[in-house]
Amino acid sequence: MLIRTPEQDIERVLFTEKAIAARVEQLGADLTAKLGDKRPVLVCVLKGASFFYIDLCRCMNCAIDMDFIAVSSYGASAQSTGVVRLIFAPIMSSPYIFVP
């Protein structure tokens with residue numbers, strides 16, 4: 001990954017870092033309240049959701065389990081087949097929250 005300066009890569013900022021952090025915190029509080037005493041499994045869709053996923057997990061004020069799935073619609077090709085297939089899927093036995 002090539003990391004450059006924001007001035008080189010960002011045309012305009014739609015949401016500030018502070019606004020995003022506040023919204024993630026609110027989502028964590030809402031999910032915590034909705035789930036009550038249940039222990040959810042938060043599932044991260046690799047790799048694009050990883051930073052958001054970790055921030056959301058940190059904002060949950062309840063016991064959680066963490067898991068990950070990988071998906072692909074490319075297979076061996078450089079072009080999408082349009083069919084999404086799971087490369088790794090968790091066992092569904094608890095309340096699951098998928099973070100795409």
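Let's start with contacts. Take those in the protein chain between residues at least 6 apart in sequence: 54% of them join residues at least 24 apart. One caution: this is a predicted model.

Now the layout. The protein chain has three helices and four strands. Along the sequence they follow the pattern α-α-β-α-β-β-β. The protein chain has 100 residues, and buried ones make up 24%.

Next, look at two helices, α2 and α3. Helix α2 covers residues 17-35, and helix α3 covers residues 50-59. How do their axes meet? They come within 8 Å and cross at roughly 55°. That angle makes α2 oblique to α3. The crossing of α2 past α3 is right-handed.

Which residues make the contact? On α2, find V24, E25, L27, G28, A29, L31 and T32. On α3, find F52, D55, L56 and C59. Sort the residues of this contact of α2 with α3 by character: seven are nonpolar, two are polar and two are charged.

Stay with α3. Which of its residues are buried? They are Y53, L56 and C57. Why do they sit on the same side of α3? Because they cover an arc of only 100° around the axis. Turn to the other side of α3, and F51 and R58 are exposed. L56 is worth finding on your screen. L56 is one of the buried residues of α3, and L56 also takes part in the contact with α2.

Last point: what covers those buried residues of α3? The cover includes helix α2. It also includes three strands: β1 at 41-46, β2 at 65-72 and β4 at 96-99.

Notes: Residues numbered from 1 in each chain as written. Predicted model: local features only at pLDDT ≥ 70, side-chain atom pairs only at ≥ 80, totals over all residues. Heavy atoms only, no water. Axes fitted to C-alpha atoms, helices over the stretch in contact; angles between N-to-C directions. Parallel < 35°, antiparallel > 145°, perpendicular 65-115°, else oblique. Left-handed = near helix turned anticlockwise from the far one by under 90°. Contact = heavy atoms within 4.5 Å. Nonpolar A, V, L, I, M, F, W, Y, C, P; charged D, E, K, R; others polar. Buried < 20%, exposed > 50% of the residue type's maximum accessible area, 1.4 Å probe, protein only. Arc of directions from axis to C-beta.
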